[in-house]
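User: I'm new to reading protein structures and would like to practise on one. Could we go through it question by question?

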Amino acid sequence: MLSETLAPLDNPVWYALQEHQRHFRMPYQSMAFFTPDVCPFGGFLNTCSPAEITDYARQTSHFFVVGDRPCFEDTVILHNELVCDQMVLQHPVPVTITEPIIMLEEAHRDDLIRLVNLVQPGYFKENTFSMGTYYGIYRDNRLVAVTGERMKMNAFTEISAVITHPEHTGRGYAGQLVSHTCSRILAEGKTPYLHVASSNERAIKLYERLGFAYRRKMSFWNLIGTTATQANAVR
């Protein structure tokens with residue numbers, strides 16, 4: 001019964017764009033893609049459409065299809081496959097919050113984009129901020145750590161952008177922010193989940209200490225349109 005309840009997590013992009021975040025969905029028939037200014041992620045339920053993938057590739061330099069391996073035309077190339085552990089929080093471990101955590105608002109958008117792209121360049125787009133709620137820790141008027149929400153379904157909310165400035169690591173900021181964010185999600189009656197690179201042992205151990213449990217592997221297929229590749233080569 002529990003596996004059936006968690007079944008939408010097998011296809012998070014598809015279900016997010018059918019449910020809570022359907023207003024971000026591009027007007028395709030077979031594929032479900034977020035608008036590229038929000039999140040360059042796509043997915044499909046039963047039928048993969050190479051033509052729709054090609055069309056999306058014309059609108060963004062690179063993007064990810066999450067889940068099953070996509071099929072695509074010669075105008076699109078597979079750059080790499082990022083294999084992640086999908087983890088779900090069902091029994092949170094209490095964490096003592098010692099830092100002042102604030103909810104980030106529109107006035108903090110530039111600080112948020114700057115910090116995330118410093119540590120993980122290319123993932124956080126102009127309007128990713130609008131996908132959910134983000135929380136941060138400031139030190140000396142400088143945003144030094146963040147955590148927020150990304151793909152959201154009716155029953156599940158993804159934890160994402162777990163970022164600490166390189167000069168401020170090792171101070172417990174990430175654990176406190178993730179715990180704070182998860183508490184808010186659980187209070188809404190939803191289940192927190194996340195994706196972490198399977199090779200990132202340090203992050204996985206942190207999430208396990210916070211109560212997250214491994215559920216399954218999830219592939220993020222990074223695709224690039226050949227026209228975008230050629231344009232980059234010219235530059």
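User: Which helix does Pro12 lie in?
Analyst: This is a predicted model, so keep in mind that we're reading a prediction. Pro12 has a relative accessible area of 0%, so it counts as buried. The helix that holds Pro12 spans residues 12–18, and its label is H2.

User: How many Å separate the C-alpha atoms of Pro12 and Val66?
Analyst: Leaving aside neighbours within four places in sequence, Pro12 is in contact with Val66, Met151, Met153, Tyr193, His195 and Met218. Take Val66 from that list: along the chain, Pro12 and Val66 are 54 residues apart. In space, their C-alpha atoms are separated by 7.8 Å.

User: Is Gly225 buried or exposed?
Analyst: Gly225 sits in strand E10. Beyond its neighbours within four places in sequence, Gly225 is in contact with Ala57, Ser61, Thr75 and Val76. The cut-off for the label is under 20% relative accessible area. Gly225 has 1%, so it is buried.

User: How far apart in space are Gly225 and Glu19?
Analyst: Let's start with the sequence, where Gly225 and Glu19 are 206 residues apart. For the distance in space, go from C-alpha to C-alpha, and you get 28 Å.

User: What covers the buried residues of H3?
Analyst: Helix H3 runs over residues 50–57, and its buried residues are Glu52, Ile53, Thr54, Tyr56 and Ala57. We've already met Ala57 as a contact of Gly225, and Gly225 lies in E10. That strand is part of the cover, which includes E1 (31–33), E2 (41–44), E3 (62–66), E4 (76–89) and E10 (212–225).

User: Which strands do the buried residues of H4 pack against?
Analyst: H4 covers residues 109–119, and its buried residues are Arg109, Leu112, Ile113, Leu115 and Val116. A handy bit of background: an α-helix has 3.6 residues a turn, so residues three or four places apart point the same way. The strands that the buried residues of H4 pack against are E6 (134–139), E7 (142–152) and E8 (156–164).

User: Which residues does Ile159 touch, not counting residues up to four places away in sequence?
Analyst: Ile159 lies in strand E8. With 3% relative accessibility, it counts as buried. Its C-alpha is separated by 9.9 Å from that of Met87, a residue 72 places away along the chain. The residues Ile159 touches are Thr147, Gly148, Thr181, Cys182, Ile185, Pro192, Tyr193, Leu194 and Phe212.

User: What is phi of Ala161 near?
Analyst: Most residues other than glycine have a negative phi. Ala161, which lies in strand E8, has a positive value instead. It is buried, with a relative accessible area of 9%. Its phi is near 55°.

User: Is Asn141 buried or exposed?
Analyst: Asn141 is not a glycine either, yet it has a positive phi of about 65°. You'll find Asn141 in the loop between E6 and E7. The label for a residue over 50% relative accessible area is exposed. Asn141 has 79%, so it is exposed.

User: Which cysteine has the sulfur closest to that of Cys39?
Analyst: A disulfide is a covalent bond between the sulfur atoms of two cysteines. A search of the whole structure finds zero of these. For Cys39, which counts as buried at 3% relative accessibility, the closest cysteine sulfur is 13 Å away, too far for a bond, and it belongs to Cys84.

User: How does Cys71 count at 31% relative accessibility?
Analyst: Buried would need a value under 20%, and exposed one over 50%. Since 31% falls in between, Cys71 counts as partly exposed.

User: Let's zoom out. What is the radius of gyration of the chain?
Analyst: The chain has seven helices and 10 strands, and its C-alpha atoms fill a box of roughly 50 × 50 × 30 Å along the principal axes. Of its 235 residues, 52% count as buried. A compact globule with 235 residues would have a radius of gyration near 18 Å, and the chain agrees with this because its own value is 18 Å.

User: How far apart do the centres of the positive and negative side chains lie?
Analyst: The chain has 21 positive side chains and 24 negative ones. Take the centre of each set, and the two centres lie apart by 3 Å.

Notes
Residues numbered from 1 in each chain as written. Predicted model: local features only at pLDDT ≥ 70, side-chain atom pairs only at ≥ 80, totals over all residues. Heavy atoms only, no water. Helix = DSSP H or I, 4+ residues; strand = E, 2+ residues; numbered from the N terminus. Rg over C-alpha atoms; globule rule 2.2 N^0.38 Å. Buried < 20%, exposed > 50% of the residue type's maximum accessible area, 1.4 Å probe, protein only. Lys, Arg positive; Asp, Glu negative; His and termini not counted. Charge placed at Lys NZ, Arg CZ, Asp CG, Glu CD. Disulfide = S-S within 2.5 Å. Contact = heavy atoms within 4.5 Å.
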